[in-house]
Amino acid sequence: MARRRRLIYGNFKMQLGIAATRAWLADVLPVLEPAVGVEAVVFPSFVCLAVAKAAVGGAPLGLGAQDVSPHGEGAYTGDVSASMLREAGCSHVLVAHSERRRYHGEDDELARRKLRAALDSGLRPVYCVGESLEQYDRGEAAAVVAGQVRTGLEGFTPEEVGRVVVAYEPVWAIGTGRSARPEHAAQAAQWIRDEVATMYTREVAKEMPVLYGGSVSPSNVGAYLTQPGVDGVLAGGASQAPETYLGLLEAAR
Ligand code: PGA
């Protein structure tokens, strides 16, 4: 059986501006080799997307945005629509990252509307889910993650849901250096698939790529990639330095 594709996604957050993104690409693009079975995508800030697209050209590096408006078009000052993101060269978009949930009050209902907008425009959304430390400590992780999946992914066709990537990112692991045990990530991937199987079909659940995110580094990435049901990683800090992002890609080959 062919190995499943490994997804190595990098979230630049609000940490790389235009000059820094250019410099990152100038370091990475010349040494980026097309790797069979590995998908590399980075998520720069909105203002860097057009610059990044011009630099990437036809190189094997996808581009995604960190957020998307739930609205298609209109008087929504400050929003960026999915079709604008397509125009800027994006193929992917993060939806409901825990920092959006935490600092902007985004919930699963809004996530569903953003997922709808992304899918309608042909973007591949990366739906971020994960429990807080309090929820983890109370033993509620499975219920929280299943609930986020149930509400966020409700009401799509199986074909649409088949274009969604789910990223499991426990809040307590993001930017803390306290990465989840690889077995915990695998268990969470199973919770996600069990819920999707209930909502849609087992086949849709099986095919859906599920990522782990939270303090991923070149030294621990291999342990996640070898877990059953974990198709890749969404890395923040480790993606922002060229050498560590290349280290993640190397481990995925
Ligand atoms: P981190 O961030 O790798 O820096 O923990 C992950 C994320 O927020 O997607």
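This is a short dialogue about helix packing and ligand contacts in a predicted model.

Student: How do I begin to describe two helices that pack together?

Tutor: Good place to start! Two packed helices are described by the angle between their axes and the distance between the axes. Let's try that on H7 and H9, which span residues 141–152 and 182–199.

Student: At roughly what angle do the axes of H7 and H9 cross, and within what distance do they come?

Tutor: They cross at roughly 40 degrees and come within 9 Å. The two helices are therefore oblique to each other. Looking at the handedness, H7 passes H9 in a right-handed crossing.

Student: Which residues of H7 and H9 meet?

Tutor: On the H7 side you will find Ala141, Ala142, Val145, Ala146, Val149 and Arg150. Their partners in H9 are Trp191, Ile192, Glu195, Val196 and Met199. Sorted by class, the residues of this contact are 9 nonpolar, no polar and 2 charged.

Student: Now for H5 and H7. At roughly what angle do their axes cross?

Tutor: H5 covers residues 108–120, and its axis crosses that of H7 at roughly 45 degrees, with the axes coming within 8 Å. That angle makes H5 oblique to H7. H5 passes H7 in a right-handed crossing.

Student: How many residues of the contact of H5 with H7 are nonpolar, polar and charged?

Tutor: Let's name them before we count. Asp108, Glu109, Arg112 and Leu115 in H5 meet Gly147, Gln148, Thr151 and Gly152 in H7. They divide into 1 nonpolar, 4 polar and 3 charged.

Student: Could we practise on one more pair, H1 and H12?

Tutor: Gladly! H1 is residues 18–28 and H12 is residues 242–252; their axes come within 9 Å and cross at roughly 50 degrees. The angle makes H1 oblique to H12, and their crossing is right-handed. Find Trp24, Asp27 and Val28 in H1, then look for Pro242, Tyr245 and Leu246 in H12, which they meet. This contact has 5 nonpolar, no polar and 1 charged residues.

Student: Let's move to the ligand. Which residues around the ligand come nearest?

Tutor: To read a binding site, list the neighbours, then look at individual atoms. There are 13 residues around the ligand, and those that come nearest are Lys13, His97, Glu169, Gly175 and Ser215.

Student: What part of glutamate 169 is 2.7 Å from an oxygen atom of the ligand?

Tutor: An N or O atom in its side chain. For serine 215, a backbone N or O atom lies 2.7 Å from an oxygen atom of the ligand. Glycine 236 also has a polar backbone atom 2.8 Å from a ligand oxygen atom.

Technical notes
Residues numbered from 1 in each chain as written. Predicted model: local features only at pLDDT ≥ 70, side-chain atom pairs only at ≥ 80, totals over all residues. Heavy atoms only, no water. Axes fitted to C-alpha atoms, helices over the stretch in contact; angles between N-to-C directions. Helix = DSSP H or I, 4+ residues; strand = E, 2+ residues; numbered from the N terminus. Parallel < 35°, antiparallel > 145°, perpendicular 65-115°, else oblique. Left-handed = near helix turned anticlockwise from the far one by under 90°. Contact = heavy atoms within 4.5 Å. Nonpolar A, V, L, I, M, F, W, Y, C, P; charged D, E, K, R; others polar. Near = heavy atom within 4 Å. Polar contact = N/O pair within 3.5 Å; in protein donor to acceptor, adjacent residues only side chain to side chain.
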